[in-house]
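Visitor: Could you take me on a close look at a single part of this model? I would like to stay with the place where protein and nucleic acid meet.

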Protein chains: 2
Amino acid sequence: MNISDVANSTGLPVKTIRYYEDIGLITPARSANGYRDFSDTDLHKLAFIGRARSLGFGIEACRDLLRLYNDQTRASADVKRLAQSHLSEIDRKITELGEMRDTLSHLIDACAGNDRPDCPILADLAADHGSA
Amino acid sequence: MNISDVANSTGLPVKTIRYYEDIGLITPARSANGYRDFSDTDLHKLAFIGRARSLGFGIEACRDLLRLYNDQTRASADVKRLAQSHLSEIDRKITELGEMRDTLSHLIDACAGNDRPDCPILADLAADHGSA
DNA sequence: GCTTGACCTTCCAGTTACTGGAGGCCTTAT
DNA sequence: ATAAGGCCTCCAGTAACTGGAAGGTCAAGC
């Protein structure tokens, strides 16, 4: 299988697949002409990585997940721990973004949005929010 | 004012302040010895940027906000538009993270988390989610 | 046999917003 | 005189790609 076939099957961009080889996530064979020659296993791994990435796992976490997947002696507790740690990170980000969202939407509501210069958004950014 | 005073006042790291000068957000004066010599205006600008950044505005948006702030003839509509566009982006991210969160927490709930190898999380990542 | 166009290759640079570190002046206090 | 600490610049690295240049390969058509 050539790289564009794999890209079509997995939905991953060609560039990304090459990148995943660069960083050692996959090691496809090479044809005599130098082209990458992907096996079904490579395809499967890439699909796996693609789904893990779509759940927000970082590349190193993907590497760990792949290793666990290939390890028949794994304990599901190890996978769960990894996933929980990632979930906490997601929750942290959601909270952070939610706080931004709340502040920002209040400011937006307070702004007339007309052709006058006075603007509560700018006023808030310029205001002293210091603790002292 | 030396850079560490500004860092203390604004809460921004020294490195970040130098970086903001590099990219032209601020242009502090220099003392005879080559040290940056920050004015109150510089301080104010940096605090402004710090607050905009804490609301998640990107650097270029900060530049725009600063420009609008300094433009007495601005229309609040322009500020509002910028903020709304940023809010949409935040909402998009929250939605994306929320979807990840939901999927991931279902999988985590389904995983026994013991020392057995069978794991619904890995099974899901390995499963064919293809459209065909 | 040759050209054309679609693929494939590698390598380099750029993205975001910093952060860390090396190597080296400047200042202040002892 | 020296030691500590603050300041300087420049270089490299981070995460995960993405775009583009320069060039080899392959299949089809004339």
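Guide: Happily! In chain B, an N or O atom in the side chain of B:Asn33 is 3.1 Å from a phosphate oxygen of DNA strand C. B:Thr16 has a side-chain N or O atom 2.9 Å from a phosphate oxygen of DNA strand C. Over in chain A, a polar side-chain atom of A:Tyr35 lies 3.4 Å from a base oxygen of that strand. A polar contact here is a pair of N or O atoms within 3.5 Å; within protein, one must be able to donate a hydrogen and the other to accept it, and residues adjacent in sequence count only if both atoms are side-chain atoms.

A word on the basis: this is a predicted model, where local features need pLDDT of at least 70 and side-chain atom pairs count only at pLDDT 80 or more, while totals for chains, interfaces and linings use all residues. Residues are numbered from 1 along each chain as its sequence is written, chains are lettered from A and ligands numbered from 1 in the order in which they are written, and side-chain values use heavy atoms, leaving out hydrogens and water.

Stepping back, 19 residues surround DNA strand C (near means a heavy atom within 4 Å), and the closest are A:Arg18, A:Arg36, B:Lys15, B:Tyr20 and B:Arg53. Of the strand's atoms that come within 4 Å of the protein, sugar and phosphate account for 68%. α2(B) gives the largest share of this surface, four residues.

Key: Helices (H or I, at least four residues) and strands (E, at least two) are DSSP runs, numbered from the N terminus.
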